[in-house]
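Me: I would like to go through this model slowly and ask, term by term, what justifies the words used to describe it.

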Amino acid sequence: MGSHLPLADARAVVLEQAAPLDTETVALADALGRAIAQPVDAPHSLPPFDNSAMDGFALRAADTAGAADGAPVTLRLAGESRAGTPEEAELQPGEAMKISTGAALPAGADAIVRVEWTTRPDEEHVAIDRELTVGNDVRPAGDDVNAGDRVLESGMTIGPGELAMLASVGAAEISCTRRPRVAIVTTGDELVAPGGTLGHGQIFDSNSAMLAALAVTGGADVISVTAAVADDAATTDDAIAKALSEADVLIVCGGVSVGEHDHVKPALEKAGVSQVFWQVAMRPGHPTCFGLRENPGARTTLIFGLPGNPVSAYATFHMFARPALMQLGGRSPFPPSVKARLASELKKPAGHTQVLRCRMSRDEQGWLATPTSRNQRSHAISSVVGVQGLALLPEDATLLPEGEIVTVELMPDGTLESL
Ligand code: AMP
Ligand code: MG
């Protein structure tokens, strides 16, 4: 494909290759963040039995007829229904039974009087000074969910609330889409692992940590991080061949250009990767490549070659790798997007979409997108700190005045909590 592949087209090409992976059974405790692969139907009602919404007394509403302030009715106490220990005897006319919140309604009872509405003339009796209606403070069986109701749809992401529902219907194991297995390779002779000592001309490897974290937040299982591979052909060939072996997705970062010391593209070719596109009309991140490796009898591996500049790697991961990982994992590929006003004027050349890292805020006019850093160049790591949204500045735009409305893809990982 040509070197002026529009960003939206490149994303569509990637997603075409990212059909959801197979499914696997996952224990409830490991299911957070996974996509449900099969809809879940309730095997029983929720609540499963009529029960009390209050601590108080179970009774027959008819027995409170005529009760009023100053003229209470008095019922004889007979038994107690506790949460987990129901009263098995049937409530008779003129009787009340002690009951706790969540305890089963005794047979014969049809209402609850909360303890605050009662007095106790003696140990054996309870007095009620108002009339109750049938069903007062009763939580009927099935009032939330009926047996057979669909409680979770396939494709839903399991969060804390979904875990509660799964547990409530007694599910200990859930059919989920498998997490994509991701291998990460970073390249560059100049890279030193954090914790080491920098010599002149060296920098710390920031992409390995960033990409692994991005992959995890995209729902992936990071199976390997091969950091700081030396810029020579044989080492690169070897690292890429190894990383490819078990992965659903390979992310190679740095060395993907066509400089004398860029060995990634030839290494991918030698490993049997066919290039789908190379270079996208976006900034940062123009020299991005996407390829596929057919694996006889197994799924095709997706390969992303991302530019080494940290901001380019960040932007291209969000534009391509993250949507692919999400969709492979059975989830919807894109984060929510909003229309927002730009907080300041921006100039850009025409011919590429600019991915602007922003902080997001809201006022009476709606969303406002403020660039994270005045320096938006592709090496400026300060621009990926505190990002809450990525504004996509259209390809043909050259001058975006303050207040211009742009589309912003919100960060999916909870950085909007403060809004
Ligand atoms: P490359 O894509 O290999 O030409 O690298 C482009 C720029 O990104 C250079 O300034 C590299 O030093 C820098 N870079 C490449 N890989 C990393 C990395 N893992 N961490 C931080 N910076 C990197
Ligand atoms: Mg390099």
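Reply: What follows takes the overall form, then the helix contacts, then a few unusual backbone sites, in a model that is predicted.

Me: How do you know that the protein chain departs from a compact globule?

Reply: A compact globule of 419 residues would have a radius of gyration near 22 Å, whereas the protein chain has 31 Å. The C-alpha trace spans about 95 × 55 × 40 Å along its principal axes, and the secondary structure of the protein chain comprises 6 helices and 29 strands.

Me: Which domains does the assignment give, and how far apart are the centres of domain 2 and domain 4?

Reply: The assignment gives domain 1 as 5–22 + 179–328, domain 2 as 25–46 + 143–177, domain 3 as 51–139 and domain 4 as 337–410. Between the C-alpha centres of domain 2 and domain 4 there are 38 Å.

Me: Why are helix 3 and helix 6 called roughly parallel?

Reply: Two packed helices are described by the angle between their axes and the distance between the axes. For helix 3 (residues 207–217) and helix 6 (residues 310–328), the axes come within 10 Å and cross at roughly 25°. Angles under 35 degrees count as roughly parallel, and helix 3 and helix 6 therefore earn that description. Their crossing is right-handed.

Me: What makes up the contact of helix 3 with helix 6?

Reply: On the side of helix 3 the residues are Asn207, Met210, Leu211, Leu214, Ala215 and Thr217, and these meet Pro310, Ala313, Tyr314, Phe317, His318, Arg322 and Leu325 in helix 6. Sorted by class, the residues of this contact are 9 nonpolar, 3 polar and 1 charged.

Me: Why does the term roughly parallel also fit helix 1 and helix 6?

Reply: The axes of helix 1 (residues 7–16) and helix 6 come within 9 Å and cross at roughly 30°. With the cut-off for roughly parallel set at angles under 35 degrees, helix 1 and helix 6 therefore fall into that class. The crossing of helix 1 and helix 6 is right-handed. In this contact Leu7, Ala10, Arg11, Val14 and Leu15 of helix 1 meet His318, Met319, Phe320, Pro323, Ala324 and Gln327 of helix 6, and the residues divide into 8 nonpolar, 2 polar and 1 charged.

Me: Which peptide bond involving Pro47 is cis, and what is its omega?

Reply: The cis bond joins Leu46 and Pro47, with omega about -15°, and Pro47 sits in the loop between strand 3 (40–41) and strand 4 (51–52). Another cis bond runs from Arg283 to Pro284, with omega near -10°, where Pro284 belongs to the loop between strand 20 (280–283) and strand 21 (289–295).

Me: What makes the phi of Asp137 worth pointing out?

Reply: Most residues other than glycine have a negative phi, and most peptide bonds are trans. Asp137 is a residue other than glycine, yet its phi is positive, near 55°. Asp137 is found in the loop between strand 10 (125–128) and strand 11 (138–139).

Conventions:
Residues numbered from 1 in each chain as written. Chains lettered and ligands numbered in written order. Predicted model: local features only at pLDDT ≥ 70, side-chain atom pairs only at ≥ 80, totals over all residues. Heavy atoms only, no water. Domains from an automatic or database assignment. Axes fitted to C-alpha atoms, helices over the stretch in contact; angles between N-to-C directions. Helix = DSSP H or I, 4+ residues; strand = E, 2+ residues; numbered from the N terminus. Parallel < 35°, antiparallel > 145°, perpendicular 65-115°, else oblique. Left-handed = near helix turned anticlockwise from the far one by under 90°. Contact = heavy atoms within 4.5 Å. Nonpolar A, V, L, I, M, F, W, Y, C, P; charged D, E, K, R; others polar. Rg over C-alpha atoms; globule rule 2.2 N^0.38 Å.
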